[in-house]
Every structure is written in structure tokens, then in C-alpha cells.
Amino acid sequence: HELAEARRDLTALSGRVSGPAVVAAFATAIRHLLVPAFAALARTHPDVRPSVVELEGPPALHELRTGAVDVVIAESDAPEPARPGLAAVALADDDYRIAVPTVWTPAPKTIRELVDRPWVAAPPDSACGQALDRLAAKHRFSPRRAHTCLEFPAVLALVAGGHGAAILPTLALADLDDDAVTVTLVPIEGSRRLTAVRRAPRSGPEPVAAILIEALREAAQGVSRRHADADAPARRLRHRAA
């Protein structure tokens with residue numbers, strides 16, 4: 001944490017934020033939030049040198065605590081527990097959708113039409129895995145987990161191949177152009193919360209972390225606007241106000 005204190009002192013003297021800024025994130029956040037955030041930082045804070053590490057969950061939070069990264073983008077399907085020494089800033093609520101193979105015709109319109117179908121499930125400790133568990137409990141069925149995949153491209157490939165339905169967040173479907181996948185209108189409650197987690201020293205946010213998080217919030221707001229203008233009905237990435 002001595003490096004963070006040195007950065008803070010330098011910022012106070014110069015009035016400018018500069019230096020490396022490392023973010024740990026997962027694939028969809030890298031693609032849709034970090035890439036536009038880094039472009040914005042290049043315009044507004046050219047002395048900040050951002051970089052990304054594809055890392056999530058407890059390993060990412062460990063790297064944050066040790067000072068190896070400055071911000072972690074995290075996902076959660078439920079209220080997050082308090083993390084001593086860390087602070088979480090809400091970025092967006094990413095609504096869930098149910099995707100099915102297009103060969104399943106007509107496209108399902110209710111959960112009841114899906115209870116006997118196979119599922120491409122996410123691991124049980126992931127946000128999408130918890131969403132499927134919650135859906136099954138509410139509608140009192142036991143999903144047939146034919147496949148278990150963590151990465152969304154693999155999930156979508158299996159759905160496109162006709163191997164099962166899947167719960168996916170809107171962000172994972174942002175660039176979907178596969179005619180073999182149908183995003184249904186089946187209602188599903190809940191969303192995954194996207195947050196930016198930083199260290200929380202008594203002296204206040206580290207300047208580079210504050211700059212990064214503001215750029216991420218603006219990127220999330222931009223994605224939210226694009227979804228609001230899109231054809232997809234109702235469900236979207238919803239920007240979280242500060």
C-alpha cells in the first residue's frame with residue numbers, strides 16, 4: 001500500500017492523476033465496459049496507463065488486497081457480503097434472458113414449456129448458476145443440467161447446437177448474431193449486479209481507482225442507453241446511479 005500512498009502524494013502535488021491502473025475483470029466486462037472505459041481515459045487522463053488482467057472471484061480480490069490490481073469488476077446474483085477494507089461501487093444491473101436453440105419451434109413463451117428440456121447450466125457458485133437455481137425453486141422443477149459451462153461463448157455454442165436452453169445476462173447477448181440462437185420472451189426475475197471493487201483506505205479512494213471507476217460507470221451508462229434504444233423488449237443492462 002506504500003505505492004498507493006506515493007501515488008496519492010504525487011497527485012496532490014501535481015494535480016494530475018498518472019501512472020499504471022490495473023483492472024481485474026471477466027470476459028464480458030472486458031469487452032463491453034473496459035474497452036470503452038480505456039478509450040475514454042485516453043482522452044480525459046492521458047497520463048493514466050490502464051491495463052487489464054482476466055481474473056475474477058476470490059483470486060481477483062486477493063490481488064486487489066495485495067495491491068497487484070487497483071479495481072476488480074465483480075458480479076453477484078444476490079446482495080454481496082461486506083468485505084473489510086474494500087468498497088464496492090455499483091455499476092449496473094444486468095437483466096437475465098433465456099436463450100434457446102432456434103430449432104425449438106415454436107419458441108417457448110413460459111417456464112412450463114422449458115421444465116422438461118435440457119439446460120446448459122452455469123456452475124452453481126456463479127451468478128447465472130444461482131439464477132437457474134432460483135428459477136427452478138420458484139417454479140418447482142428440477143432442471144436437467146445436460147451441460148455445465150462458465151464461459152458465455154461456450155454456452156451460446158451449445159445452445160446454437162441444439163443442446164439446451166440457458167440463462168444469460170443481457171451483456172453476454174449484446175453482440176449475438178447467431179441465427180441458431182433465439183432469445184425468448186420468457187419472463188425471468190432478477191439480474192446480476194456488476195460492481196467495481198476498490199481498496200478503502202481511511203485516507204479515501206486512491207486517485208487512480210476513482211478515475212477508473214468513474215470511467216467504468218460512464219461506460220455502463222453508455223451500454224444502458226444502447227440497450228434502451230435497441231429492439232430487445234424490456235430487459236436490458238440498467239445503469240446504477242451513484
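Visitor: How many helices and strands does the secondary structure of the protein come to?
Guide: Six helices and ten strands. Keep in mind that this is a predicted model.

Visitor: What does the pLDDT average for the protein?
Guide: The average is 86. Of the residues, 85% score at least 70.

Visitor: And where is confidence lowest, and where highest?
Guide: The lowest is helix α1, residues 2–14, with a mean of 47. The highest is strand β5, residues 118–121, at 98.

Visitor: Back to the low end. How many contacts does the stretch 8–14 have beyond near neighbours in sequence?
Guide: Eleven in the model. The pLDDT is below 50 over those residues.

Visitor: Which other residues stay under 50?
Guide: Residues 231–235 stay under 50 as well. The model gives them nine contacts beyond four places in sequence.

Visitor: How should I read such places?
Guide: Where pLDDT is low, don't read the predicted coordinates in detail.

Visitor: OK, strands now. In which sense do β1 and β2 pair?
Guide: Parallel, over seven bridges. Strand β1 covers residues 19–25 and strand β2 covers residues 48–54.

Visitor: Which residue stands opposite Gly19?
Guide: Val48, in β2.

Visitor: What unit do β1, helix α2 and β2 make?
Guide: A right-handed β-α-β unit. Helix α2 spans residues 27–44.

Visitor: New topic. How much of the protein counts as buried?
Guide: 47% of its 242 residues.

Visitor: Take Val100. Where is it found?
Guide: Val100 is in strand β4.

Visitor: Is Val100 buried or exposed, and why?
Guide: Buried, because its relative accessible area is 0%, and the cut-off for buried is under 20%.

Visitor: Which residues does Val100 touch, leaving out those up to four places away in sequence?
Guide: Pro108, Leu114, Val159, Ala165, Ala180, Val181, Thr182 and Thr184.

Visitor: How far along the chain is Ala165 from Val100?
Guide: They are 65 residues apart. Their C-alpha atoms are separated by 4.5 Å.

Visitor: What share of the protein's contacts with a separation of 6 or more comes from residues 24 or more positions apart?
Guide: 78%.

Visitor: Let's try a helix. Where is Asp133?
Guide: In helix α4. Asp133 counts as partly exposed, because its relative accessibility is 33%.

Visitor: How far apart are Asp133 and Ala121?
Guide: Twelve residues in sequence. In space the gap is 9.7 Å, C-alpha to C-alpha.

Visitor: What about the backbone? Which residues does a cis peptide bond join?
Guide: Thr105 and Pro106, with omega about -10°. Pro106 is in the loop between β4 and β5.

Visitor: What is the phi of Arg140?
Guide: Near 55°. That is a positive value in a residue other than glycine.

Visitor: Where does Arg140 lie?
Guide: In the loop between α4, residues 127–139, and β6, residues 144–148.

Visitor: Why does Arg140 count as exposed?
Guide: Because its relative accessibility is 78%, and exposed starts over 50%.

Visitor: Last topic, rings. How many aromatic pairs does a search of the whole structure find?
Guide: Zero.

Visitor: What lies over the face of Trp104, then?
Guide: Arg117 does, at 4.2 Å from the ring centre.

Methods
Residues are numbered from 1 along each chain as its sequence is written. This is a predicted model: local features need pLDDT of at least 70, side-chain atom pairs count only at pLDDT 80 or more; totals for chains, interfaces and linings use all residues. Side-chain values use heavy atoms; hydrogens and water are left out. Rings of Phe, Tyr and Trp (its six-membered ring) pair if their centres lie within 6.5 Å; planes under 30 degrees apart count as stacked, over 60 as edge-to-face and the rest as tilted. A charge sits over a ring if NZ of Lys or CZ of Arg is within 6 Å of the ring centre and within 35 degrees of the ring normal. pLDDT is the predictor's confidence in each residue, from 0 to 100. Helices (H or I, at least four residues) and strands (E, at least two) are DSSP runs, numbered from the N terminus. Contact means heavy atoms within 4.5 Å. Two strands pair if DSSP finds at least two bridges between them. A crossover is right-handed if, with the strands pointing away from the viewer, the path from the first strand over the helix to the second runs clockwise. Buried means under 20% relative accessible area, exposed over 50%, partly exposed in between (1.4 Å probe, protein chains only).
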